[in-house]
Amino acid sequence: MTGDVREIGEQCGPPPTVQYGETVDIRKVAYRSGERVEFRCPEYYILDGNRFVTCLNGVWNDAPVCIEPCTAKERDMESNNIQLRWKPDRKLYSRHGETMEFVCKPGHEALPNTQMKISCDQGNLEYPKCFKSGFCVLEQSTMIANNIHYNLSTVVDHGQRILFQCNDGMMAENKLEAKCEWRKINYPRCTAAKSCKTPEILNGFIKTEQASYDSGSYVEFDCNEGYVIDLAMKVKCENGHWSKLPVCYSPCKISPEELTKHNIQLLSSNDQKNIPDKSYKHGTEISVACKSGFRRSINAALVLKCYDGKFRYPRCFSGRTCRILQDDLDENNLELDEVHDNEVFYAEGEIIHYKCKNGFYYLGQPTGKCSEEIMSYPKCTESSV
């Protein structure tokens, strides 16, 4: 015997459940064949189907459905800048199939042909939307012609600023920001961006080279062996120009003459003949010490520092010294010249060469002298006369 065989006069169990609905009478555990149960729906719900459900030989026939009403929620109306047309009625509820009519809030208006009378569809309302008076509708044809796009909305409120974007491969002719003012927008324009020629850097190379590069594309650099790259390895082509190219800094070699000139020696050996004849990468630091009979004016670590092909050598002294002070340089509108740019201390009697800061002048070569541990400073003025 199969499970769907019915017996004549067989009883039914409890009646089926109807979402949102209820039976008029108290539900029983069992019902005789031929008995029926009446269903009802809550207020504003529509009963769809036969409100009576009958037990026939152990099986209930199809139950009805309670169709939801719609609720016009204040929050949704606020976000769409609308209100009920017949506001005194406060008709916030509507049965399925009935209509609700809305109007724009004061100071707002809808797009032409916007349907303001909306039908309730099984609990769902498709609210109309209103915008501030003077709103703008973005013109797709104009944006296509100007090679721009805006992905957030097709309607923009009066007074709202819009930041457009160029289409791929395009560059802005002017600012991409525009403002909606009483239904008018001055659309920006983008034009085809120029490609870039293959860039070159000294002592470096492009990892993957090609004849030209489209605007927006990148190239990646690397340095020759022993050289150190500065800035980002990747650079971008923007409308025919590359972003700032990296620099490949040169390696350094230790100079015995410079060690002698600065009265210093390597910590590893006192014998100048054992100075390593090798290259050191940019940024390398090597510890050194003052030669016998010489001293450093401050108790700071002595190091040689490789900077783009040249070591910067600290100096040791046998007698009294003077120290350059930045505040004194600034007060006299001075800078150290390129030769002494790394120097801080000078020996007794030594002449120091300065240069004037940009926009300041000095008649002749500005120099100073270390005398009795005091440094002298000439003064640069704003006038060249």
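The questions and answers below concern a predicted model of one protein chain.

User: What makes the protein chain differ from a compact globule of 385 residues?

Analyst: A compact globule of 385 residues would have a radius of gyration near 21 Å, but the protein chain has 44 Å. The C-alpha trace spans about 125 × 65 × 50 Å along its principal axes. The accessible surface comes to about 24,600 Å², and carbon and sulfur atoms hold 46% of that surface.

User: How many helices and strands are there, and what share of the residues counts as buried?

Analyst: The chain has four helices and 39 strands. Of its 385 residues, 32% count as buried. Among the contacts with a separation of 6 or more, 42% are made by residues 24 or more positions apart.

User: Why is L84 called buried?

Analyst: The relative accessible area of L84 is 9%. Buried means under 20%, so L84 at 9% is buried.

User: Where is L84 found, and which residue stands opposite L84 in β10?

Analyst: L84 lies in strand β8, residues 82-84. The residue opposite L84 in β10 is F102. As for L202, 118 residues separate it from L84 in sequence, and the C-alpha atoms of the two are 73 Å apart in space.

User: How do you know that β8 and β10 pair?

Analyst: At least two bridges between two strands are required for pairing. β8 and β10 have three bridges, in the antiparallel sense, so the requirement is met.

User: What is the order of the sheet that contains β8 and β10, and which are its edge strands?

Analyst: This open sheet has three strands in the order β8-β10-β12, with antiparallel pairing. β8 and β12 (117-119) are the edge strands, each pairing on one side only. From one strand to the next, the twist averages 40 degrees.

User: What joins β10 to β12?

Analyst: Strand β10 (residues 99-104) and β12 run antiparallel and are joined by three bridges. T99 has S119 of β12 as its bridge partner, and M100 stands opposite I118 in β12.

User: Along β10, which side chains are buried and which are not?

Analyst: The side chains of β10 alternate. M100, F102 and C104 point to one face and are buried, whereas T99, E101 and V103 point to the other and are not.

User: How do you know that β4 and β5 pair, and what lies between them?

Analyst: Pairing needs at least two bridges. β4 and strand β5 (residues 59-60) have two, in the antiparallel sense, so they pair. L56 stands opposite V59 in β5. The two strands form a hairpin with two residues between them, and N57 in the turn has a positive phi of about 50 degrees.

User: Which strand pairs with β2?

Analyst: Strand β2 (residues 36-40) pairs with strand β4 (residues 52-56) over three bridges, in the antiparallel sense. R36 stands opposite T54 in β4.

User: Why are β35 and β39 said to stand at the edges?

Analyst: The open sheet concerned has four strands, ordered β35-β37-β38-β39 with antiparallel pairing. β35 (334-336) and β39 (374-375) each have a single partner strand, so one side of each is left without a neighbour in the sheet.

User: How many bridges join β37 and β38, and how many join β38 to β39?

Analyst: Strand β37 (residues 351-356) and strand β38 (residues 367-371) pair antiparallel over three bridges. I352 has G368 in β38 as its bridge partner, and H353 stands opposite T367 in β38. β38 and β39 run antiparallel and are joined by two bridges, with C370 opposite M375 in β39. Two residues lie between the strands of the β38 and β39 hairpin, where E372 takes a positive phi near 55 degrees.

User: Which side chains of β38 are buried?

Analyst: G368 and C370 are buried and point to one face. T367, K369 and S371 point to the other face and are not buried.

User: Which residues have the most contacts inside the largest nonpolar core, and which element gives the most to this core?

Analyst: The largest nonpolar core has 16 residues, and those with the most contacts inside it are I254, L259, I264, L266, I286, L304 and F311. β30 (264-266), β31 (285-290) and β32 (303-307) are the elements that give two or more residues to this core. β31 gives the most, with three residues.

Technical notes:
Residues numbered from 1 in each chain as written. Predicted model: local features only at pLDDT ≥ 70, side-chain atom pairs only at ≥ 80, totals over all residues. Heavy atoms only, no water. Buried < 20%, exposed > 50% of the residue type's maximum accessible area, 1.4 Å probe, protein only. Axes fitted to C-alpha atoms, helices over the stretch in contact; angles between N-to-C directions. Rg over C-alpha atoms; globule rule 2.2 N^0.38 Å. Contact = heavy atoms within 4.5 Å. Areas by Shrake-Rupley, 256 points an atom, 1.4 Å probe, with all protein chains shown as cover. Core = buried A, V, L, I, M, F, W, Y, C linked by side-chain atoms within 4.5 Å.
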